[in-house]
Amino acid sequence: MALHQHWLRFRQPEDHFAPEGGSVPASSADTLAGAAAAPRTAAAARLLTAFTFLWAFGDKAFGWGYATPSGKAWLDGGSPTEGFLSHVASGPMEGMFHSWAGAAWADWTFMLGLLGIGVALASGVALRVAAVAGTAMMALMWAAEWPLARHLSDGAPSMSTNPLVDYHVLYAALLILLAVLGAGRTWGLGHVWERLPWVRDHRWLW
């Protein structure tokens, strides 16, 4: 809607940006081009992020032979969380993560989180919910890796490249940005979703 209003404003005959000949100056054209490109760029970032979450779900669920070897997939009886959480080797929550490793509730929560966030991003609906869930997931994964530590619990170097801002923080920031921008309205079902009566009455569902 905002982009459409910008376009109409620039197209008005009385607009002071437009000369008498009706052509739009280069600076105004650049502004229009930038305004048109922004939603598409956000939508592209949304779809790429969706692919990241959906691929992680698929690989762990079906064992495509990348992070999860064939035969050790979730559907084959493997655990999506055991390998990662059992190898947590630093941070104040190390023992807690070890106790979670391989637990059925942890596996289901993690996998449904990956799938739900991925589907929300791919379809462009419920981006605010996806941003909250994704930020919580990234915060837990950040705590599991604990980049603040210079050494692991066995004394070995942690090899942390940045003690504060790693890829988990960047993913969380991207999810929040996509929700704030309403990135699901372009190349997605965001507009349709937001018009549903029960969604319109509960804006947190956007």
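## A tour of the aromatic and charged contacts

Begin by selecting glutamate 194, which is buried in this predicted model, its relative accessible area being 15%, so that it falls under the 20% limit for that class. Keep glutamate 194 selected and add arginine 185, its salt-bridge partner, where the closest N and O atoms are 3.0 Å apart. Arginine 185 is partly exposed, with a relative accessible area of 33%, whereas glutamate 194 is buried. The count of salt bridges comes to one.

Next, colour the protein chain by secondary structure. Nine helices and zero strands appear, and from the N terminus on the elements run α-α-α-α-α-α-α-α-α. Of the 206 residues in the protein chain, 34% are buried. If you list the contacts between residues at least 6 apart in sequence, 59% of them join residues at least 24 apart. With the surface switched on, the accessible area of the protein chain comes to about 12,300 Å², and carbon and sulfur atoms account for 67% of that area.

Now display the aromatic side chains, among which a search of the whole structure finds 11 aromatic pairs. For one of these pairs, select phenylalanine 53 and tyrosine 171, whose ring centres are 6.4 Å apart and whose planes stand at 70°, so the arrangement is edge-to-face. This pair links distant parts of the chain, since phenylalanine 53 belongs to helix 2 (residues 26–62) and tyrosine 171 to helix 7 (residues 167–181), with their positions 118 residues apart in sequence. Phenylalanine 53 counts as buried at 4% relative accessibility, while tyrosine 171 is partly exposed, with a relative accessible area of 27%.

Move on to tryptophan 193 and tryptophan 198, where the ring centres are 5.4 Å apart and the planes lie at 80°, so this pair too is edge-to-face. Tryptophan 193 counts as buried at 18% relative accessibility, and tryptophan 198 is partly exposed, with a relative accessible area of 48%.

Then select Phe51, Trp55, Phe62, Trp64 and Tyr66 together, which ring pairs link into a cluster. Add Leu75 to this selection, and the six named residues form a nonpolar patch on the surface, with about 730 Å² of accessible area together. Within the patch, phenylalanine 51 is a useful residue to centre on: its place is in helix 2, and at 53% relative accessibility it counts as exposed, because the limit for that class is over 50%.

For a contact between a charge and a ring, select arginine 203 and tryptophan 206. Arginine 203 lies over the face of tryptophan 206, at 4.1 Å from the ring centre.

The last stop concerns backbone angles in the loop between helix 6 (127–145) and helix 7, which holds tryptophan 146 as well as methionine 159. Which value does phi of tryptophan 146 take? It is near 45°, a positive value in a residue other than glycine. Further along this loop, phi of methionine 159 is near 60°, again positive in a residue other than glycine. Is methionine 159 buried or exposed? At 68% relative accessibility, methionine 159 counts as exposed.

Terms used
Residues numbered from 1 in each chain as written. Heavy atoms only, no water. Phe/Tyr/Trp six-rings, centres within 6.5 Å; stacked < 30°, edge-to-face > 60°. Helix = DSSP H or I, 4+ residues; strand = E, 2+ residues; numbered from the N terminus. Buried < 20%, exposed > 50% of the residue type's maximum accessible area, 1.4 Å probe, protein only. Lys NZ or Arg CZ within 6 Å of the ring centre and 35° of its normal. Contact = heavy atoms within 4.5 Å. Areas by Shrake-Rupley, 256 points an atom, 1.4 Å probe, with all protein chains shown as cover. Patch = residues over 30% accessible without salt bridge, like charges linked within 9 Å, V, L, I, M, F, W, Y side chains within 5 Å. Salt bridge = Lys/Arg side-chain N within 4 Å of Asp/Glu carboxyl O.
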